[in-house]
4 protein chains.
Amino acid sequence: MKDYQIRTDLALEATEEMKRADAEHMHGIAIEEYRCLEEVRVTKVMIKTRNAAKSMGKPVGTYITVEAPSLQEDDEEYHASIAKELARELKDVLPDIHKEKSVLVVGLGNRDVTADALGPSTVDNLNITRHILREYGKQAYSGRQMHSISSLIPGVMAKTGMETLEIVKGVIKETKPDIVIVIDALAARSTKRLSRTVQISDAGIQPGSGVGNHRDALCKDSLGIPVIAIGVPMVVDAQTIVVDALEEMTSAEDVHARTICYRARENSQLHNMYVTTKNIDEITKRLSETLAEAINIALSI
Amino acid sequence: MKDYQIRTDLALEATEEMKRADAEHMHGIAIEEYRCLEEVRVTKVMIKTRNAAKSMGKPVGTYITVEAPSLQEDDEEYHASIAKELARELKDVLPDIHKEKSVLVVGLGNRDVTADALGPSTVDNLNITRHILREYGKQAYSGRQMHSISSLIPGVMAKTGMETLEIVKGVIKETKPDIVIVIDALAARSTKRLSRTVQISDAGIQPGSGVGNHRDALCKDSLGIPVIAIGVPMVVDAQTIVVDALEEMTSAEDVHARTICYRARENSQLHNMYVTTKNIDEITKRLSETLAEAINIALSI
Amino acid sequence: MKDYQIRTDLALEATEEMKRADAEHMHGIAIEEYRCLEEVRVTKVMIKTRNAAKSMGKPVGTYITVEAPSLQEDDEEYHASIAKELARELKDVLPDIHKEKSVLVVGLGNRDVTADALGPSTVDNLNITRHILREYGKQAYSGRQMHSISSLIPGVMAKTGMETLEIVKGVIKETKPDIVIVIDALAARSTKRLSRTVQISDAGIQPGSGVGNHRDALCKDSLGIPVIAIGVPMVVDAQTIVVDALEEMTSAEDVHARTICYRARENSQLHNMYVTTKNIDEITKRLSETLAEAINIALSI
Amino acid sequence: MKDYQIRTDLALEATEEMKRADAEHMHGIAIEEYRCLEEVRVTKVMIKTRNAAKSMGKPVGTYITVEAPSLQEDDEEYHASIAKELARELKDVLPDIHKEKSVLVVGLGNRDVTADALGPSTVDNLNITRHILREYGKQAYSGRQMHSISSLIPGVMAKTGMETLEIVKGVIKETKPDIVIVIDALAARSTKRLSRTVQISDAGIQPGSGVGNHRDALCKDSLGIPVIAIGVPMVVDAQTIVVDALEEMTSAEDVHARTICYRARENSQLHNMYVTTKNIDEITKRLSETLAEAINIALSI
């Protein structure tokens with residue numbers, strides 16, 4: 001889970017912050033948008049140059065956002081169709097996935113903290129094949145084409161004493177997967193995206209901080225193989241919500257309100273607080289099943 | 001856990017809402033305040049008349065608030081001394097507790113929702129004696145004086161289909177305790193009180209709503225025996241936090257800001273959202289141990 | 001979970017202990033047997049007289065045993081068809097269930113002990129309607145016929161200080177259901193029945209002891225309304241397994257072996273030990289979903 | 001947790017199997033025994049040669065067994081004194097531990113299976129320092145001497161698709177600790193040792209199989225640094241218990257009984273079953289705290 005110093009982990013929200021129109025005409029950024037199911041909007045933000053990356057505060061790469069307004073509800077069919085849509089988008093960014101690959105899926109976060117348990121819970125629901133293929137070969141699967149799938153729940157630094165990058169790097173060197181998929185709970189800027197939006201990206205992920213120091217990011221640069229990140233915003237920083245509520249209610253010229261905003265930003269009492277939905281325990285359980293199903297579908301040949 | 005339509009379950013905050021000075025001079029209300037440990041403030045709000053109850057939006061009774069600023073921290077000694085202080089205050093409101101009594105402790109809330117698990121978790125840590133006294137008598141305790149202590153975790157209405165009052169009433173009729181202690185997670189108005197304030201009251205408690213319809217309250221009227229309620233605020237309603245931030249930043253005369261406040265109040269997007277601390281899972285575990293210790297101390301003769 | 005002093009909670013095993021042929025011709029006992037699905041055997045043991053009850057060590061009543069050899073496996077379709085079969089048998093013993101009834105489902109056992117968590121876990125998965133019917137009437141269900149369904153997880157005496165009977169009795173007096181369904185983990189005599197056999201009975205249940213002292217049984221006598229018990233054996237007493245292995249391997253005449261058996265019975269080292277399957281955590285989760293589905297089907301009109 | 005094909009993970013029990021007297025006089029084996037607390041017996045089995053290792057079915061190394069009969073009970077003081085004794089024995093086998101070392105503690109097993117959760121639960125309770133030392137240096141600890149302590153919960157092969165050895169090897173190459181401590185739940189042969197005996201060994205450990213194929217053992221040979229294993233037997237194979245009960249009850253010459261034993265060994269019905277104590281959930285929680293305390297003490301300079 002992100003550290004909340006930044007206001008959003010979603011590239012989509014980053015484009016909104018700089019006003020969408022400006023973002024769309026910015027050099028080095030391309031935005032596509034379409035609907036896949038009724039009410040489900042898919043947005044592709046492509047950050048193509050270093051300059052664009054700097055302006056957006058996000059690394060170069062493709063960011064696909066699937067906004068499914070009813071994802072918080074307990075509708076099995078809806079979840080099944082979203083899983084299929086996510087699988088389709090995932091296949092699009094997984095390099096060369098029509099050939100047999102070895103894929104390591106990493107569940108980031110802390111399984112003992114509800115708002116941060118999405119990664120570990122998702123990994124718990126995956127179809128793992130690597131050990132079976134190594135022991136029995138493809139015969140175990142009637143000779144069908146199969147990806148070799150393994151998974152890892154590295155834990156959080158406060159509990160392991162190690163950076164996630166160190167653990168994942170070591171395991172990759174030893175087991176030599178072709179691709180890494182990383183799953184994490186994100187922070188959003190807007191409560192309306194909580195648990196309703198899935199971001200898929202080929203730009204990797206920064207465990208526990210989001211932006212700034214990229215030394216420890218899980219990405220192609222640091223790991224040497226393609227890294228696909230899947231994230232769902234589960235919390236909104238409490239300070240953000242106050243500042244945003246103020247901004248929403250005032251016009252840009254309103255100097256008085258701006259001052260108010262500034263003071264809100266300083267409001268240290270909200271430090272270490274986050275906003276989340278009342279039934280986050282239930283939502284995390286359901287979302288992790290949907291993400292796992294999406295990955296299971298995307299990784300069956 | 002409260003329903004967040006109201007802004008606070010704490011009588012202390014209710015007095016603050018009506019400006020403390022006004023509250024102190026109001027007929028039918030008495031407020032005492034003292035410090036028990038360094039930095040720990042104890043406030044007693046006594047609501048004595050129906051009129052005062054109406055103004056305060058809280059039933060007639062005594063509300064003791066123990067504010068312990070470091071209660072969120074993992075300091076074993078601090079928690080031990082707070083447990084002792086809470087035990088002292090509890091003994092004060094438990095009627096006739098120097099004589100042997102039969103006490104039923106009820107843990108309200110939903111153990112599967114972290115922010116609502118305080119009641120059930122506290123009950124898990126209690127010293128239960130009733131079944132031993134019934135089977136072996138006081139010999140089991142070397143003939144010492146002993147209260148007969150039992151406990152119940154009734155669950156929430158969405159899962160049981162029954163009102164908490166129905167369950168507790170039935171069990172009381174069958175097992176005939178002299179006193180009921182009820183534990184619940186509360187909603188506060190101010191984030192600075194989250195997980196740092198304990199309210200002890202002889203006015204009973206309203207599961208799942210706080211104020212208004214008193215038909216289902218757990219109180220002396222409905223249960224026929226004294227009801228002591230212990231609560232700790234674990235969440236703040238997300239709307240409240242925005243409105244409060246605004247109010248804090250503007251003067252009363254500031255019409256413009258008032259309008260803003262009004263619009264914030266309408267902000268339906270924050271519906272069903274709450275603000276809580278990042279490590280609420282850990283905090284709930286620790287607090288429930290401290291509350292259980294306080295009750296265990298208060299109920300040993 | 002039973003206390004393991006007795007060797008089985010299954011009436012079916014009790015008939016086997018006295019040799020099936022003898023049991024079948026015993027006055028006051030009737031046994032029927034049929035297959036419902038391939039490999040699934042259903043046995044109905046009817047104990048009709050007090051004398052028969054005494055010989056069998058089980059109260060008068062009907063005991064339906066559904067033996068589904070693959071119930072331990074993770075086969076969704078299989079579990080769905082067993083749930084349907086169980087629903088059919090349940091409907092058979094639920095009195096007058098074609099009319100609208102008020103049904104209280106009670107999950108016995110301790111949710112913190114895996115081998116004893118079946119009751120609470122099953123209750124967690126039920127469709128509860130009572131509170132909705134009371135608030136909105138049948139309109140909430142488009143005017144369809146509906147049973148009023150409530151549920152209770154009373155906890156175990158070591159934690160509540162109260163006997164399960166006291167809690168259930170009190171709640172029944174207050175909420176006045178027409179029927180009680182009770183779910184519990186049982187002890188079997190044979191490991192081959194572990195997690196593969198479901199017993200449905202109208203004879204009620206004895207929490208925590210099985211036989212002998214019937215003072216605290218949950219049954220029509222003690223509760224005043226019909227009590228349907230559903231149980232699945234989750235453990236085998238460790239002593240039983242040794243004695244049974246010996247008996248299996250020796251002929252009745254083999255005096256030497258009999259002596260051995262006797263000494264095994266004395267083997268106090270096995271006290272407080274039980275035999276269970278390696279993946280009992282997983283099995284409990286799956287079985288509780290299957291039982292809940294069976295009850296949900298049986299209770300939809 | 002071991003695979004139960006073998007009958008014991010305890011070197012002490014292996015010496016008993018070959019009759020203690022024979023073992024003591026065997027070339028390449030040395031056995032020492034003393035009492036540390038009242039009733040607590042410490043046995044050191046040293047396997048010194050390859051031949052001795054072959055006879056014993058355990059790798060060359062020192063195996064310290066601490067038998068604490070009351071370890072199953074909930075006596076805080078007793079657990080504290082056992083933790084101290086375990087710390088003393090641990091310090092003895094941790095190479096060069098008076099100097100500052102980097103130590104990786106690995107919790108083997110599956111946290112979702114109660115009988116196999118000891119390793120992960122123990123690791124959850126450790127004092128982790130590596131990340132603090134790396135970020136702030138020894139200043140964070142007032143300049144005191146400190147070991148750099150990290151931890152890892154690799155998960156089980158059925159869930160990760162990777163062998164534990166691969167994961168641990170990779171993490172060791174990346175983070176370069178000086179010593180590895182590995183914690184695992186073991187299988188014993190005798191129920192009287194369940195949850196009452198701790199084995200500390202410098203011979204490493206074989207995740208998930210115990211003996212035979214040593215390709216995947218976590219040991220100095222495979223990892224390149226000293227490996228200290230800590231284990232507690234949590235289960236006994238159900239077949240073992242039957243065979244042992246028989247053997248106990250018959251004399252060696254009793255051919256008839258031997259045949260019986262043989263047939264018991266074939267008893268496939270007991271496959272995949274284990275014997276464990278009724279309150280294993282509680283016991284695992286308490287034992288993991290005691291082991292963590294022992295490690296925390298042993299690793300404080």
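Chain D and chain A bury about 2,200 Å² between them, and carbon and sulfur atoms give 50% of that area. Keep in mind that this is a predicted model. Here's a quick tour of that interface, the symmetry behind it and one helix pair in chain A.

**The D–A interface**
- Chain D puts 26 residues into the contact, and chain A puts in 26 residues.
- Looking at what chain D buries against chain A, you get 25% of the area from D:Met162, D:Glu166 and D:Glu174, more than from any other three residues.

**Symmetry**
- To lay chain D on chain A, rotate by 180 degrees with 0.0 Å of shift along the axis; the RMSD comes out at 0.1 Å.
- That's the relation of a two-fold axis.
- Within chain D, D:Gly170 has the C-alpha nearest the axis, 2.0 Å from it.
- Both copies use the same surface, with 100% of the contact residues of chain D recurring in chain A.

**Helices H4 and H12 of chain A**
- H4 (residues 76-93) and H12 (residues 280-298) of chain A pack at about 45 degrees, and their axes are 8 Å apart.
- H4(A) and H12(A) are therefore oblique to each other.
- As for handedness, H4(A) and H12(A) make a right-handed crossing.
- On the H4(A) side, the contact residues include A:His79, A:Ala83, A:Leu86, A:Ala87 and A:Leu90.
- On the H12(A) side, A:Arg286, A:Leu291, A:Glu293, A:Ala294 and A:Ile297 are among them.
- By type, the residues in the contact of H4(A) with H12(A) split into ten nonpolar, two polar and four charged.

Technical notes:
Residues numbered from 1 in each chain as written. Chains lettered and ligands numbered in written order. Predicted model: local features only at pLDDT ≥ 70, side-chain atom pairs only at ≥ 80, totals over all residues. Heavy atoms only, no water. Least-squares fit on C-alpha atoms with pLDDT ≥ 70 in both. Contact = heavy atoms within 4.5 Å. Axes fitted to C-alpha atoms, helices over the stretch in contact; angles between N-to-C directions. Helix = DSSP H or I, 4+ residues; strand = E, 2+ residues; numbered from the N terminus. Parallel < 35°, antiparallel > 145°, perpendicular 65-115°, else oblique. Left-handed = near helix turned anticlockwise from the far one by under 90°. Nonpolar A, V, L, I, M, F, W, Y, C, P; charged D, E, K, R; others polar. Buried area = accessible area lost by both parts, 1.4 Å probe.
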